[in-house]
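This report introduces one protein chain to a reader who has not met it before. Please keep the sequence and the structure in view while reading.

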Amino acid sequence: MTNPTDGAGADERSRAHSVTLLTRSGCGMCDRALEQLRPLCAEFGVEVATVDVDAAVATDPQLRAEFGDRLPVVLLDGREHSYFDVDEDRLRADLSR
């Protein structure tokens, strides 16, 4: 016999989003973006992951090549969502989907 709540939990997990902030050490704009993202994402139960593109170059050189000149970059579910500034209204709307 299956538990009727098992399916609902699976649906909720499949709709969970991931938010990643691409950063660089010493980047003031990156620090501000992270400060904006943490409370916004917390509203949706999403933790913000950070990736320093310079530190990641050993394992993913393409990351720095693609995004390194326009940091910070917000990735939503692995896709570019915004850069330089956090588009809070748009991110809030996209996280609610």
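## Terms and overall plan

Helices and strands are named here from DSSP runs, a helix being a run of H or I with at least four residues and a strand a run of E with at least two, and both are numbered from the N terminus. In these terms F84 belongs to neither kind of element, since F84 lies in the loop between β4 and α4.

The model described is a predicted one. The secondary structure of the protein chain comes to four helices and four strands, which follow one another along the sequence in the pattern α-β-α-β-α-β-β-α. Of the 97 residues of the chain, 34% count as buried. Among contacts between residues at least 6 apart in sequence, 61% join residues that are at least 24 apart.

## Two nonpolar cores

In soluble globular proteins, nonpolar side chains tend to be buried together. The largest nonpolar core of this chain holds 14 residues, of which V19, L21, L37, C41, V48, L91 and L95 touch the most other members. At least two residues of this core come from each of β1, α2, β3 and α4, and the largest share, five residues, is supplied by α2. A second, separate core of 10 residues includes V53, A56, L71 and L75.

V48 gives a view of the surroundings of one member of the largest core. When its neighbours within four places in sequence are left aside, V48 is in contact with V19, L21, L34, L37, R38 and C41.

## The buried side of helix α4

Which residues of helix α4 are buried? In this helix, which spans residues 88–95, the buried residues are L91, D94 and L95. They cover an arc of only 95° around the axis, and therefore they lie on the same side of α4. An α-helix has 3.6 residues a turn, so residues three or four places apart point the same way.

The cover over the buried residues of α4 includes two elements from earlier in the chain, β1 (19–23) and α2 (28–42), together with β3 (73–76) and β4 (79–83).

## A nonpolar patch on the surface

Nonpolar side chains also appear on the outside, where M29, Y83 and F84 form a surface patch with about 270 Å² of accessible area together. F84, the loop residue between β4 and α4, is partly exposed, with a relative accessible area of 36%. For the chain as a whole, the exposed area is about 6300 Å², and carbon and sulfur atoms supply 48% of it.

How values were computed:
Residues numbered from 1 in each chain as written. Predicted model: local features only at pLDDT ≥ 70, side-chain atom pairs only at ≥ 80, totals over all residues. Heavy atoms only, no water. Buried < 20%, exposed > 50% of the residue type's maximum accessible area, 1.4 Å probe, protein only. Arc of directions from axis to C-beta. Contact = heavy atoms within 4.5 Å. Patch = residues over 30% accessible without salt bridge, like charges linked within 9 Å, V, L, I, M, F, W, Y side chains within 5 Å. Areas by Shrake-Rupley, 256 points an atom, 1.4 Å probe, with all protein chains shown as cover. Salt bridge = Lys/Arg side-chain N within 4 Å of Asp/Glu carboxyl O. Core = buried A, V, L, I, M, F, W, Y, C linked by side-chain atoms within 4.5 Å.
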